[in-house]
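Let's take a walk through this model together, with the coordinates open in your viewer. We'll go from the surface to the inside and then look at a few backbone oddities.

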Amino acid sequence: MALLTGILILGDQLTWNNPALKSADPENHLIIMAEVNEEATYVRHNRHKIALLFSAMRHFADELRQNGYRVSYYKLGDSITSLVEACRLTCERWPIKQILLCEPGEYRLIKEIAGWSDSLGIDVKLEEDTRFLASRSDFAKWAQGRKQLRMEYFYREMRKRYGILMDSDQPAGGKWNFDAENRVGWRNQVEIPERLMPKKDEITEQVINEVLESFPTHPGDLCGFRWSVTRESALIELEWFCENILVNFGTYQDSLSEDSPWLFHGLISMYLNIGLLEPLEVCQRVEGAFRMGECSIAAAEGFIRQILGWREYVRGIYWYHMPEYKLRNTLDANLSLPTWFWTGETNMRCLSSAIRQSLDHGYAHHIQRLMVIGNFSLIAGLDVRAVCDWYLGVYVDAYEWVELPNTLGMALFADGGIMASKPYAASGKYIQKQGDHCKGCKYDPKRVIGEGACPYNSLYWHFIDRHQDTLSQNARMGLILGGWKKRDQENQEAVLRCAAQYLEEIENL
Ligand code: FAD
Ligand code: DLZ
Ligand code: SF4
């Protein structure tokens with residue numbers, strides 16, 4: 001038998017556009033895919049994430065077989081613990097001369113793979129991941145020499161480069177950014193359509209049973225498993241979103257709802273991140289809806305900015321600053337995560353709701369991640385490493401290239417301002433304005449101190465007070481810091497005492 005090239009396809013690389021597959025043919029290439037314990041447990045991954053990946057991997061392996069490929073597929077039950085072990089076993093069974101794979105989205109894995117050539121005794125080659133709209137070097141070129149990196153300017157370049165929402169050389173609608181129109185709070189203004197629930201086939205049912213058996217202590221209520229596991233099904237969800245939800249996306253993008261975990265969000269990050277959907281096709285489909293008069297420019301621009309702007313930008317930041325980025329902890333935040341991060345059992349209704357849904361469904365929308373859970377972690381000073389690991393484990397769409405800049409940078413300000421121009425710290429007033437959690441809460445968002453005062457309020461001022469040296473270097477914090485400093489000492493002390501008490505009793509909040 002002629003020597004073969006083994007193509008290792010990772011769980012988040014399930015697309016024919018995988019660069020390692022681009023020039024492959026069934027005669028000379030053998031596919032390797034493996035469900036391995038090491039990848040599922042390096043953080044405590046949500047069972048939704050594991051089940052989505054394993055089912056999508058099995059479906060993609062079938063598609064490859066239908067196209068004539070031999071697939072060396074290791075299921076969870078085969079007890080292969082690591083990706084390198086799967087490669088070694090395949091090399092023992094087949095005449096493999098080289099292993100080829102698309103570069104992983106996490107630095108730790110690239111580092112590990114650098115040692116594989118020696119340990120396997122064959123050439124291991126990484127192909128650049130071409131599934132993004134800005135390559136790592138595009139971003140580096142854009143970033144080099146700039147004093148400060150800001151998403152907005154990167155995004156405008158991307159709009160022009162891909163001709164998305166452009167009328168000739170001008171932005172459609174006359175403005176680059178319609179964010180100011182997208183800040184409406186949730187007061188049950190419109191009906192939220194019931195979401196599509198993709199059918200579970202036999203493969204998915206089987207995977208769910210295996211995951212339940214193998215990961216009994218991981219979070220995730222798989223009775224509610226609702227994710228597409230094929231490109232075909234993900235495309236149906238995208239279409240349904242464009243027809244039923246997109247029209248309200250912009251308006252309620254920053255809303256918080258007691259009743260709906262999804263509100264008017266896309267629910268597509270989990271598909272984009274594993275290859276079932278492509279970023280450009282999503283942007284083009286949404287632009288099409290706007291051009292056909294099916295949604296406003298504010299809705300289309302707001303949505304496209306997230307994908308063409310934020311998604312590409314955070315990936316750029318990750319690779320531009322790793323590995324040093326992961327070690328950052330500018331505000332020295334070291335407080336242990338309260339145990340209720342793993343149960344949702346807290347009296348703070350907004351947090352309880354966001355955490356429960358994150359654990360149960362593996363999903364929370366952006367404002368829950370940033371302004372409810374992230375904001376609390378920031379103002380309480382929770383340990384940066386532990387918070388990042390929590391986010392990486394809990395969400396169905398979490399991979400380090402996207403999770404880390406968002407959590408460590410945007411939410412926790414631990415990168416000292418690379419991702420965000422000022423900390424996303426807010427009091428209970430913001431949460432009250434954006435949604436309907438407060439009315440059923442044990443705490444009162446209007447009270448800063450005293451019985452039943454909302455913990456976000458005093459913790460917010462405690463944050464401002466304890467970081468005033470760092471924050472005073474930030475022009476955008478001047479007004480808030482000035483206001484705090486002008487307060488009389490007695491009031492300051494009362495607020496700080498209340499916050500200190502809450503921090504002391506954080507487990508019981
Ligand atoms: P929608 O609100 O419908 O947005 C559409 C798409 O835009 C998303 O699917 C996503 O691909 C993209 N997008 C929006 N905001 C961002 C952003 N800030 N960064 C990157 N892409 C963005 N997103 C992940 O994909 N994986 C993560 O692990 C992740 N962790 C996050 C952690 C924190 C602390 C925060 C604040 C945000 C995080 N995000 C992450 C970004 C964002 O919250 C999710 O992409 C979004 O909630 C996914 O739901 P959706 O598909 O319904 O998004
Ligand atoms: C996240 C994940 C999990 C839970 N399991 C596997 C797996 O068993 N096999 C696999 O190939 N990939 C898995 N993944 C995705 C990888 O962790 C991902 O490719 C890297 O984190 C790089 O983004
Ligand atoms: Fe959250 Fe405070 Fe409102 Fe309660 S009162 S829901 S803790 S913001």
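Let's begin on the outside, with Glu92: its relative accessibility is 59%, so it counts as exposed, the cut-off for that label being over 50%. Keep in mind as you look that this is a predicted model. Glu92 belongs to helix α3, which covers residues 83–93. If you want a feel for distances, pick Pro405 as a second point: 313 residues separate Glu92 and Pro405 in sequence, and their C-alpha atoms are 40 Å apart in space.

Now for the strands. Strand β1 spans residues 4–8, and five of its five residues are buried. What about its two faces? Leu4, Gly6 and Leu8 sit on one side, Thr5 and Ile7 on the other, and all of them are buried, which leaves both faces covered.

Which strands does β1 pair with? On one count there is β4, residues 96–102, running parallel to β1 and joined to it by four bridges. To find the register, look at Ile7, which stands opposite Leu100 in β4. Then there is β2, residues 29–34, also parallel to β1 and also linked through four bridges. Here Thr5 is the residue to click on, with His29 of β2 opposite.

Carry on from β4. Six of the seven residues in β4 are buried, so the rest of the structure largely encloses this strand. β4 also pairs with β5, residues 123–127, in the parallel sense and over five bridges. Across that pairing, Leu101 has Leu126 in β5 as its bridge partner.

With the strands in place, turn to the empty space. Rolling a probe the size of a water molecule over the atoms shows where such space is left. How many cavities of 30 Å³ or more does a search of the whole structure find? The search comes back with nine.

The largest cavity holds about 330 Å³ of space. Its lining takes in 22 residues, and those nearest the centre are Gly11, Asp12, Glu39, Leu53 and Tyr399. Three helices, α1 (37–41), α2 (47–66) and α4 (107–113), supply at least two lining residues each. Of the contributors, α2 gives the most, with five residues. If you're thinking about the chemistry of that wall, sort the lining by class: 14 residues are nonpolar, three are polar and five are charged.

The second largest cavity has about 90 Å³ of space. Of the 14 residues lining this second cavity, Cys350, Cys438, Cys441, Cys454 and Tyr456 are the closest to its centre. Helices α14 (349–361), α18 (428–434) and α19 (455–466) each put at least two residues into the lining of the second largest cavity. Its lining splits into ten nonpolar, two polar and two charged residues.

What takes up the space of the second largest cavity? That would be ligand 3. Around ligand 3 you'll find Met348, Cys350, Gly428, Ile431, His437, Cys438, Cys441, Tyr443, Pro445 and Cys454. By class, this shell comes to eight nonpolar and two polar residues, with no charged ones.

Last stop: the backbone. Most residues other than glycine have a negative phi, and most peptide bonds are trans. A few places in this model go the other way, and they're worth a look.

The peptide bond from Met322 to Pro323 is cis, and its omega is near 5°. You'll find Pro323 in the loop that connects α13 (297–321) and α14. The helix α14 is one of those that help line the second largest cavity.

Next comes Ser168, a residue other than glycine whose phi is positive, near 55°. Ser168 is placed in the loop between β6 (166–167) and β7 (170–171). Is Ser168 buried or exposed? Its relative accessible area is 69%, so Ser168 is exposed.

Asn188 is another residue with a positive phi, about 55°, although it is not a glycine. Its home is the loop between β7 and α8 (202–214). With 46% relative accessibility, Asn188 counts as partly exposed.

Terms used. Residues are numbered from 1 along each chain as its sequence is written. Chains are lettered from A and ligands numbered from 1 in the order in which they are written. This is a predicted model: local features need pLDDT of at least 70, side-chain atom pairs count only at pLDDT 80 or more; totals for chains, interfaces and linings use all residues. Side-chain values use heavy atoms; hydrogens and water are left out. On a 1 Å grid over the protein atoms alone, a cavity is a set of points where a 1.4 Å probe fits but cannot get out, and a pocket is an open set with protein on both sides within 12 Å along at least five of seven lines; lining residues have an atom within 4 Å of a point. Grid points are joined across faces, edges and corners, and a volume is the space filled by probe spheres set on the points. Ala, Val, Leu, Ile, Met, Phe, Trp, Tyr, Cys and Pro count as nonpolar, Asp, Glu, Lys and Arg as charged, and the others, Gly among them, as polar. A residue is near a molecule or strand if one of its heavy atoms lies within 4 Å of it. A molecule sits in a cavity or pocket if more than half of its atoms lie within 2 Å of its grid points. Buried means under 20% relative accessible area, exposed over 50%, partly exposed in between (1.4 Å probe, protein chains only). Two strands pair if DSSP finds at least two bridges between them.
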